[in-house]
There are 2 protein chains.
Amino acid sequence: MMARTTIDDVAARAGVSIKTVSRVLNDEPGVRSETRGRVREAISALSYRPSLPARSLAGRRSNLLGLVYANPSANYVFDVQSGAMARCRDAHLRLFIQSCNDRGDETVEDVLAMVDQTHVDGLVVTPPLSSDAELIAALEERRVPFVRLAPDVVGTRSPAVVMDDEEAAREMTEHLLALGHKRIGFVEGHPDHPSSRLRRSGFEAALALAGLDEDQPVEQGHNDVASGLKAGRRLLTRVDRPTAIFASNDDMAAGVIQAARELGLDVPRQLSVAGFDDSQIASIVWPALTTIRQPTYDMAFAAAGLLIDLVRGRQVPAVTRLDHQLVLRNSTGEAP
Amino acid sequence: MMARTTIDDVAARAGVSIKTVSRVLNDEPGVRSETRGRVREAISALSYRPSLPARSLAGRRSNLLGLVYANPSANYVFDVQSGAMARCRDAHLRLFIQSCNDRGDETVEDVLAMVDQTHVDGLVVTPPLSSDAELIAALEERRVPFVRLAPDVVGTRSPAVVMDDEEAAREMTEHLLALGHKRIGFVEGHPDHPSSRLRRSGFEAALALAGLDEDQPVEQGHNDVASGLKAGRRLLTRVDRPTAIFASNDDMAAGVIQAARELGLDVPRQLSVAGFDDSQIASIVWPALTTIRQPTYDMAFAAAGLLIDLVRGRQVPAVTRLDHQLVLRNSTGEAP
DNA sequence: TTGTAGGCGTTATCAT
DNA sequence: ATGATAACGCCTACAA
């Protein structure tokens, strides 16, 4: 590789000292605009690009943010990366992405090693790492600024970006009510996930608001297709069979559809089925699922934005709640 | 953040000079093994982690590799990243990942800026960037070591890791022919992806070999489910409806299955559908897709390995070809 | 408004 | 086999 263009080259060409160039680079005040112009010109003429390592070594910022994940879902990871990268690009920062080990204390070790070695200014921590108590504690102890994406528990120490599970569940329920359904079954999510409770209470709130009998059938699920299938069978073999079933996630909704097929029920003509998440399976299953879209890209974009504010010492809200979206597909229809 | 542990701390604890610590860090010869042990001990006792920026500033290596992509497929990108990261982890190197703009000369600018700023030692260039002539030329001019993943033209200047798209497509087509299909529709991949052409020509070669009418219906797709759906609709509403459709990737094949369902066609009894890639979606759709397993992860792993050899000055083969595999599932069957 | 000197944490060079 | 010292390219602190 040829000798790199340095700040000295720029300074020489613009006829100023390197300190002045540095000021222009960092948008610092105290440079006459005419001088600033000359420097800018020199920079682009030489297509000078400041060395990130040199900056992070000399300054107290590295202009590098980090993103850690330990997630098996390609689509989710891809969206998260894209959102965070886009925000960083806007701010002329770089993003260092790392996939981490998710078994035990290796996680903490993994992340801290990355932070130490790369000198990132801060971290976007994505689920499930964002709910890893050990990791969170370790980061707080190190005073590494970080923003959590969709954490289970919203602590007050680090900012979090979330969506409104309760409100979304309410909207979905209202959609079903609007279609004329009076008996709506609910499949609750995994008991360990806080979002499960939120989604159920959204469901119940909508029913209450509609003045509907609160005694609607509810089954416990565990967020996988198999538990959705079982719950579906139980709900659909009741004497007072519901005309719609709202499952707390898409996988369970897919299970419910299977149960309906077993029993010879047509979806959505005889049974409406609704999911939650808008994961890949939602558009693959037949009929495609009416569901709630979690704005993954936007959440990551926002998280990176908050992190930027955070490392620049600005105040940021503890919780940022982004809008979800009701996605209408073919699994829901008029009540029979 | 608390004061970082530096090489001086380690040197002090081990009772040696920082140069000796540096030698141990870099596995350089000329250190008594007893001394080496003491240093190693000090390193782990202090959980010292050398600063990447400092190393890249001082040395002629940064211990950082880069990976660039400009690809809309989440699954592909995810696999590529995972493979390259794993290889880097093995070699105790870090990987800097960047998504690039894919419009015109911005691409070159984007990549070069990244290289300059981060000081990466070399680059893994993934498709479609690996076939971007301008970019390749620019990288060669800069003398940036790089390895290309699945490039369309295999040049001699930079090493390439490929699979045999043409041969694989031929095998798949032969599979369909063996099942007795005589009218086979083809959904071509994204026009910017070099593999698209190769897959099509493999398809056509097999037909020619079978002495079949070459005038089989072909539709253009864009590697996503939506374009597969559209292409499927067009193919399946022809008067001379094909009994099998071979889509250039799994996402589009999933779209074709949707189209079939819309039209009330049973897969595979009335229509066989074949995909390519063996991505996640292939085993999620119903029926599960017969497809070609592209060893994406392994290819990226290999590419990173070659790059490591390259930056260390070792000789590497110009072309590394990895084996694909025909995966038979339930979406293909006897011609009706 | 601009410039000078010193240092960030490591590797390279040249001693010893 | 080991160490002292000068880079690397930039920013911080202070001076002019």
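**Close-up 1. Salt bridges between chain A and chain B in the predicted model.** In this predicted model, the count of salt bridges between chain A and chain B is 6. One of the charged pairings joins the side chains of Arg49(B) and Asp116(A), whose N and O atoms are 3.2 Å apart. Beyond charged pairs, the interface of chain A and chain B holds 22 residue pairs in polar contact, counted where both residues have pLDDT 80 or more.

**Close-up 2. The side of chain A that touches chain B, by element and by residue class.** Each of the elements α4, β1 (64-69), α5 (74-90), β2 (94-99), α6 (106-118), α7 (133-142) and α12 (280-284) of chain A supplies at least two residues to this side. Among these elements, α6(A) gives the most to the side of chain A that touches chain B, with 8 residues. Sorted by class, the residues on this side of chain A comprise 26 nonpolar, 13 polar and 11 charged.

**Close-up 3. Extent of the contact between chain A and chain B.** Chain A brings 50 residues to the contact and chain B brings 53 residues. Together, the two chains bury about 4400 Å² between them, and 54% of that area is on carbon and sulfur atoms.

**Close-up 4. The surroundings of DNA strand D.** DNA strand D is surrounded by 27 residues, of which the closest are Ile7(A), Lys19(A) and Tyr48(A) from chain A, with Arg23(B) and Thr35(B) from chain B. Of the atoms of DNA strand D that come within 4 Å of the protein, 67% belong to sugar and phosphate. The surface near DNA strand D is made up, by class, of 11 nonpolar, 9 polar and 7 charged residues.

**Close-up 5. Individual polar atom pairs at DNA strand D, and the elements around it.** In chain A, an N or O atom in the side chain of Ser22(A) is 2.7 Å from a phosphate oxygen of DNA strand D, while Ser51(A) places a backbone N or O atom 3.2 Å from a phosphate oxygen of the strand. In chain B, an N or O atom in the side chain of Arg23(B) is 2.7 Å from a base oxygen of DNA strand D. The elements that give two or more residues to the surface near DNA strand D are α2 (18-25) and α4 (52-58) of chain A, together with α2 (18-25) and α4 (52-58) of chain B. The element that gives the most to this surface is α4(A), with 4 residues.

Note on methods: Residues are numbered from 1 along each chain as its sequence is written. Chains are lettered from A and ligands numbered from 1 in the order in which they are written. This is a predicted model: local features need pLDDT of at least 70, side-chain atom pairs count only at pLDDT 80 or more; totals for chains, interfaces and linings use all residues. Side-chain values use heavy atoms; hydrogens and water are left out. A residue is near a molecule or strand if one of its heavy atoms lies within 4 Å of it. A polar contact is a pair of N or O atoms within 3.5 Å; within protein, one must be able to donate a hydrogen and the other to accept it, and residues adjacent in sequence count only if both atoms are side-chain atoms. Ala, Val, Leu, Ile, Met, Phe, Trp, Tyr, Cys and Pro count as nonpolar, Asp, Glu, Lys and Arg as charged, and the others, Gly among them, as polar. Contact means heavy atoms within 4.5 Å. Buried area is the accessible area (1.4 Å probe) that two parts lose on being put together, summed over both. A salt bridge is a side-chain nitrogen of Lys or Arg within 4 Å of a carboxyl oxygen of Asp or Glu.
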